[in-house]
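Here is a quick walk through one fold, sheet by sheet and helix by helix. Have the viewer open while you read.

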Amino acid sequence: MCRHLAYLGPPVTLAELLFEPPHSLVRQSWAPRDMRGGGTINADGFGVGWYPGEGEGEPVRYRRAQPIWSDPTIAQLAAVTRSAAVVAAVRSATVGMAVLDGAAAPFAEGRWLFSHNGVVRGWPDAVVPLAAGLPVRDLLTLDATTDSALLWALVRHRLRTGADPVEAVGRTVTDVAAAAPGSRLNLLLTDGHRVVASVAGHALSVRETPGSVLLASEPHDDDPGWRSVPEGHLVVATAGEVRVRPLPTPVSRAG
Ligand code: GLN
């Protein structure tokens, strides 16, 4: 299943995050170490979202429905693009789900960037009752007919209706886990200043240095500073502080 990462800290090139580490996201696209629930490589697309300049504006995205290693443009872009806040993902499409640019994370609106690593079990029937609570317009304008795009619509609806990001992610995970038991729901949401990430069915590691934080499905090097986040938890991180707390209610075991 997909691999994703989020970085907050002093500006770095995208290449420093995506290409240069020994177990970089690009390497994880063809040689991931910890795939669960089906899939062996992450070749069905990729996406990068970054906040340009001083990080005050809306993020820029580049998404493609092809393996990240086969796109010469991302390598060139990554070498010259610097940012203080980045989300990136490589995708292994769940069987039966569309392979399109729009199905690759990060999903976005305004300052928000969102990614999902996992699968909604019983898709789509299991989550029809949750989808029914969304405005029809949101359903008609999903980026793709995938579980991840619907999860983004659910999180976004909570944000639009006043939830804070920790609540929006936490409650979406617990609602979907209840409606679709056995789902894998590692979500990642940022506004460029703070990241909220759930650990529910997949691995997630965090590396803090003074003034920066990096969250990633797999550590990208053997730095002893990487910490694995326990299952059933939420990470709330800024460049200066990382907090880990239990999800609002226990999530059923992933299948
Ligand atoms: N199920 C999602 C999709 O197909 C995410 C896949 C993943 O984590 N591999 O897009």
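## R158 and its surroundings

R158 sits in helix α6. The model is a predicted one, so keep that in mind as you look at the side chain. Is R158 buried or exposed? Neither label quite fits: R158 has 18 other C-beta atoms within 10 Å, and a residue needs 20 or more to be buried and 12 or fewer to be exposed, so R158 ends up partly exposed.

Leaving aside residues up to four places away in sequence, R158 touches A163, E167, A168, R171 and T172. One of these, R171, is 13 residues from R158 along the chain, and the two C-alpha atoms are separated by 9.0 Å.

## The α6/α7 pair

Two packed helices are described by the angle between their axes and the distance between the axes. Here, helix α6 (residues 147-160) packs with helix α7 (residues 165-179) at an angle of about 135°, and the axes are 9 Å apart. That angle makes α6 oblique to α7, because only angles over 145 degrees would count as roughly antiparallel. The α6 and α7 crossing is right-handed.

Which residues make the contact? From α6 come L151, L154, V155, R158 and L159. From α7 come P165, E167, A168, V169, R171, T172 and V176. Sort the residues in this contact of α6 with α7 by type and you get eight nonpolar, one polar and three charged.

## The six-stranded sheet

Now for the sheet that goes with these helices. Six strands make up an open sheet, running β5-β6-β7-β8-β12-β13 with antiparallel pairing. The edges belong to β5 (107-109) and β13 (241-246): each has a single partner strand, so one side of each has no neighbour in the sheet. From one strand to the next, the twist averages 15°.

At the β5 edge, three bridges pair β5 with strand β6 (residues 112-119) in the antiparallel sense. In this pairing, E109 stands opposite W112 in β6. Both helices pack on this sheet. α6 touches β5, β6 and β7 (184-190), and its direction makes about 135° with that of β6. α7 touches β7, β8 (195-199) and β12 (233-238), with a direction at about 165° to that of β7.

## Two cis peptide bonds

Most residues other than glycine have a negative phi, and most peptide bonds are trans. Where are the cis ones to look at here? A105 and P106 are joined by a cis peptide bond with omega of about 5°, and P106 lies in the loop between β4 (82-90) and β5. Another cis bond joins W123 and P124, with omega of about -5°. P124 belongs to the loop between β6 and α4 (128-131).

## The seven-stranded sheet

There is also an open sheet of seven strands, in the order β3-β2-β4-β1-β10-β9-β11, again with antiparallel pairing. Its edge strands are β3 (60-64) and β11 (226-228); each has a single partner strand, so one side of each is left without a neighbour. Direction ignored, neighbouring strands in this sheet are turned by 15° against each other on average.

Take β4 next. How much of β4 is buried? Eight of its nine residues are, so the strand is mostly covered. β4 pairs antiparallel with β1 through eight bridges, and V86 in β4 is the bridge partner of Y7. β4 also runs antiparallel to strand β2 (residues 46-50), joined to β2 by five bridges. In that pairing, G49 stands opposite V87 of β4.

## From β1 to P210

Strand β1 (residues 3-13) is joined to strand β10 (residues 212-216) as well, by four bridges in an antiparallel arrangement. A6 has L215 in β10 as its bridge partner.

Just follow the chain to the loop between β9 (205-209) and β10, and you find P210. P210 counts as exposed because it has 7 C-beta neighbours inside 10 Å, and 12 or fewer is the cut-off for that label. Measure across to A84 in your viewer, C-alpha to C-alpha, and you should get 14 Å between P210 and A84, which are 126 residues apart in sequence.

How values were computed: Residues are numbered from 1 along each chain as its sequence is written. This is a predicted model: local features need pLDDT of at least 70, side-chain atom pairs count only at pLDDT 80 or more; totals for chains, interfaces and linings use all residues. Two strands pair if DSSP finds at least two bridges between them. Helices (H or I, at least four residues) and strands (E, at least two) are DSSP runs, numbered from the N terminus. Axes are lines fitted to C-alpha atoms, for helices over the stretch in contact, and angles run from 0 to 180 degrees between N-to-C directions. Angles under 35 degrees count as roughly parallel, over 145 as roughly antiparallel, 65 to 115 as roughly perpendicular and the rest as oblique. A crossing is left-handed if the near helix is turned anticlockwise from the far one by less than a right angle, and right-handed if clockwise. Two residues are in contact if their C-beta atoms, placed from the backbone, lie within 7 Å. Ala, Val, Leu, Ile, Met, Phe, Trp, Tyr, Cys and Pro count as nonpolar, Asp, Glu, Lys and Arg as charged, and the others, Gly among them, as polar.
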